[in-house]
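Hi,

Here is the structure I promised to pass on. Have a look at it first, and my notes on what turned up follow below.

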Amino acid sequence: MIVYEVKTNFTEHLLTILRDKATDTEDFRKASLKLSEVLITEGISKLPIKKVTIDTPVENNITSITIQKEIIFLPILRAGLLLLPAAINAYSKGRIGFIGIKRNEETLKPYLYYFKSPIVRNGFYFILDPMLATGGTAYLTIEKLIEAGIKSENIFFISLICSQEGVKMLSQFKNIKIVTASIDRELNNKGYILPGLGDAGDRFCSTENVEVIESYGN
Ligand code: URA
C-alpha cells in the first residue's frame, strides 16, 4: 500500500476551515470542494501516462502526454458525494458508480445495501469517502471491487482525513493507494476521528440538528 499524504500550506488552510466547528455549511462546502480537487488531481497524477504527438495551432509534431486509462469514481453513499463534484471537475470523462454501505447496529458490522458501478477491467477506481475512520466500510468496498475482478493496484482511496486505525485496516490490501490531506491521531469510542472535523456527511448535507428519515427498503 502507498499512502500519499498531501500537506501544503493550502491544504492545511482548507483543513483549518473544515475542522473549525464555527464554519457554516456554505464555507464547509467551498473548502471541501477545493480540498477534494487537490486530492483527486494528486491521485490522477499517479496514473500511467501515454506519449502522444499533437499539432498546436502554431506548431506541428509536439510530443506530449495524456492519461492512458479510464477512471471510475465510486462515492460511498452518502458522505462520499461530497467529493463527486470535484472529481467530475478534475476529470470530466470519468465514469461514475455508487456504493451504499451501512453498519448493522447490533453486530456493528458493515453490510452492503446498494452497489451499481461500471466494471472496466483495466480502469482505475477512485473510491470517494471524506473520512477513513475504522476502515470497515472502505474494506468492504475494496473487497467488492476485487470480487468484481478489479486489480488492487488499480484502486485509489481518496479521503480528506484518515485515522491511523483506518490506514492500518486498509494496509491488508498490499497494492492499493490512499490519497489524503491528513492522518489524524486516533478514533474516539464512537468511531469519530480526533481531532477530525465531526460528521462530514451531516456538515456537507446540512442535516445537523434536524429530523432525518432513513429507510433501506423492506
Ligand atoms: N465519519 C465522519 O463523518 N466523521 C468521523 O470522524 C468518522 C466517520
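**The tyrosine patch and the rest**

Y114 counts as partly exposed, because its relative accessibility is 38%. Before going further: this is a predicted model, so please read everything here as computed from it. Y114 sits in strand β7, and together with Y111, Y113 and Y216 it makes a nonpolar surface patch of about 370 Å².

Strand β7 also turns up in the part you will probably want to open next, the largest pocket. What is the volume of the largest pocket? It comes to about 1400 Å³. The lining consists of 37 residues, and those nearest the centre are L77, I101, R103, T137 and D199. As for which elements contribute, β4 (71-77), β6 (98-103), β7 (110-116), β9 (131-132), α4 (136-147) and α6 (200-205) each give at least two residues to the lining. By residue class, the lining splits into 18 nonpolar, 10 polar and 9 charged.

Two cis peptide bonds are worth a look if you plan to prepare the model for anything. One runs from L77 to R78, with omega near 0°. L77 is one of the residues nearest the pocket centre, while R78 lies in the loop between β4 and α3 (84-90). The other runs from L194 to P195, again with omega near 0°, and P195 belongs to the loop between β13 and α6.

While you are checking the backbone, two residues other than glycine have positive phi. N61 has phi near 55° and is found in the loop between β2 (49-54) and β3 (62-67). N61 counts as exposed because its relative accessibility is 59%, and the cut-off for that class is over 50%. S206 has a phi of about 60° and comes in the segment after α6. At 38% relative accessibility, S206 counts as partly exposed.

Now the charges. How many salt bridges does a search of the whole structure find? There are 10. Here are some of them:

- R19 pairs with D184, with the closest N and O atoms 2.7 Å apart. This one links distant parts of the chain: R19 is in helix α1 (residues 9-19) and D184 in strand β11 (residues 177-184), 165 residues apart. R19 is partly exposed at 25% relative accessibility, whereas D184 is buried, because its value is 3% and buried means under 20%.
- K46 pairs with E42, and their closest N and O atoms are 3.2 Å apart. K46, at 34% relative accessibility, counts as partly exposed, and E42 is partly exposed too, with 24%.
- R185 and E186 meet through their side chains at 3.1 Å, N to O. R185 is exposed, with a relative accessible area of 52%, while E186 is partly exposed, with 34%.
- E5, K7 and E12 are joined into one network by salt bridges that share partners.

One last spot is G191, in the loop between β12 (186-187) and β13 (193-194). G191 counts as partly exposed, given its relative accessibility of 25%. From G191 to M169 is 22 residues in sequence and 14 Å in space, C-alpha to C-alpha.

Cheers

Notes: Residues are numbered from 1 along each chain as its sequence is written. This is a predicted model: local features need pLDDT of at least 70, side-chain atom pairs count only at pLDDT 80 or more; totals for chains, interfaces and linings use all residues. Side-chain values use heavy atoms; hydrogens and water are left out. On a 1 Å grid over the protein atoms alone, a cavity is a set of points where a 1.4 Å probe fits but cannot get out, and a pocket is an open set with protein on both sides within 12 Å along at least five of seven lines; lining residues have an atom within 4 Å of a point. Grid points are joined across faces, edges and corners, and a volume is the space filled by probe spheres set on the points. Helices (H or I, at least four residues) and strands (E, at least two) are DSSP runs, numbered from the N terminus. Ala, Val, Leu, Ile, Met, Phe, Trp, Tyr, Cys and Pro count as nonpolar, Asp, Glu, Lys and Arg as charged, and the others, Gly among them, as polar. Patches are made of residues with over 30% relative accessible area and no salt bridge: like charges are joined within 9 Å, nonpolar side chains (Val, Leu, Ile, Met, Phe, Trp, Tyr) within 5 Å. Accessible areas come from the Shrake-Rupley method with a 1.4 Å probe; for residues, only the protein chains shown count as cover. A salt bridge is a side-chain nitrogen of Lys or Arg within 4 Å of a carboxyl oxygen of Asp or Glu. Buried means under 20% relative accessible area, exposed over 50%, partly exposed in between (1.4 Å probe, protein chains only).
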